[in-house]
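Student: Could you take me closely through the aromatic rings of this model, and then set them beside the nonpolar cores?

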Amino acid sequence: MALKVRVITPDQTVLDDSVEEVILPSSSGQVGILSGHAPLLTALETGVLRVRTNDWENIAITDGFAEVEENEVKVLVNAATKASDIDLEEARQVFTAAQSKFEGMSSESGKDYFDARQEFKRARARFMAAGGMV
């Protein structure tokens with residue numbers, strides 16, 4: 001029995017398909033979901049959501065929530081991009097720039113530090129989803 005997965009952002013449905021397995025980047029670590037999984041509600045971190053049909057597909061997501069119930073996984077996030085829609089070289093450049101900016105900041109910078117950290121996490125997720133190793 002397959003899992004029904006829907007990845008939804010405020011302006012679009014990024015994925016609506018049946019899959020064999022889902023790996024969620026939850027706030028407490030990666031969570032694997034297979035058919036028959038117990039009901040679950042979890043917060044998601046910015047990272048890479050992975051789904052498997054025949055092959056694995058990566059989706060870069062930002063913070064959000066996932067609900068698992070009756071072989072259906074609903075993922076509600078602020079943004080999501082399939083790996084096939086990400087240019088690897090562009091993602092590498094954005095990641096490198098975001099990493100340099102973030103590493104050069106102090107946590108005492110307040111909102112600027114928080115913004116740089118979020119930008120770094122988004123860039124890292126897109127780079128990893130596209131196949132780049134971090």
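Tutor: What follows looks at the aromatic rings and then turns to the cores. The model is a predicted one, and it holds four aromatic pairs. One of them joins Phe102 and Tyr113, whose ring centres lie 5.3 Å apart with 40° between the planes, an arrangement that counts as tilted. This pair links distant parts of the chain, since Phe102 belongs to helix α1 (residues 88-103) and Tyr113, eleven residues away, to helix α2 (residues 111-129). The two partners fall into separate accessibility classes: Phe102 has a relative accessible area of 17% and is therefore buried, whereas Tyr113, at 21%, counts as partly exposed, because the limit for buried is under 20%. Through ring pairs, Phe102 and Tyr113 also join Phe95, Phe120 and Phe127 in a cluster.

Another ring, that of Trp56, has a charged neighbour, for the charged end of Arg50 sits over it at 4.5 Å from the ring centre.

Turning to the cores, the largest nonpolar one has 21 residues, of which Val5, Val7, Val22, Leu49 and Val75 touch the most other members. At least two residues of this core come from each of the strands β1 (3-8), β2 (13-19), β3 (21-26), β4 (29-34), β6 (47-52), β7 (56-61), β8 (64-69) and β9 (72-77). Apart from this core lies another, of 13 residues, which include Ala60, Ala91, Ala98 and Ala125. As for Val7, its contacts beyond the neighbours within four places in sequence are Gln12, Thr13, Val14, Leu15, Leu49, Ile59, Val75, Val77 and Ala80.

Note on methods. Residues are numbered from 1 along each chain as its sequence is written. This is a predicted model: local features need pLDDT of at least 70, side-chain atom pairs count only at pLDDT 80 or more; totals for chains, interfaces and linings use all residues. Side-chain values use heavy atoms; hydrogens and water are left out. A nonpolar core is a set of buried Ala, Val, Leu, Ile, Met, Phe, Trp, Tyr and Cys residues joined through side-chain atoms within 4.5 Å. Buried means under 20% relative accessible area, exposed over 50%, partly exposed in between (1.4 Å probe, protein chains only). Helices (H or I, at least four residues) and strands (E, at least two) are DSSP runs, numbered from the N terminus. Contact means heavy atoms within 4.5 Å. Rings of Phe, Tyr and Trp (its six-membered ring) pair if their centres lie within 6.5 Å; planes under 30 degrees apart count as stacked, over 60 as edge-to-face and the rest as tilted. A charge sits over a ring if NZ of Lys or CZ of Arg is within 6 Å of the ring centre and within 35 degrees of the ring normal.
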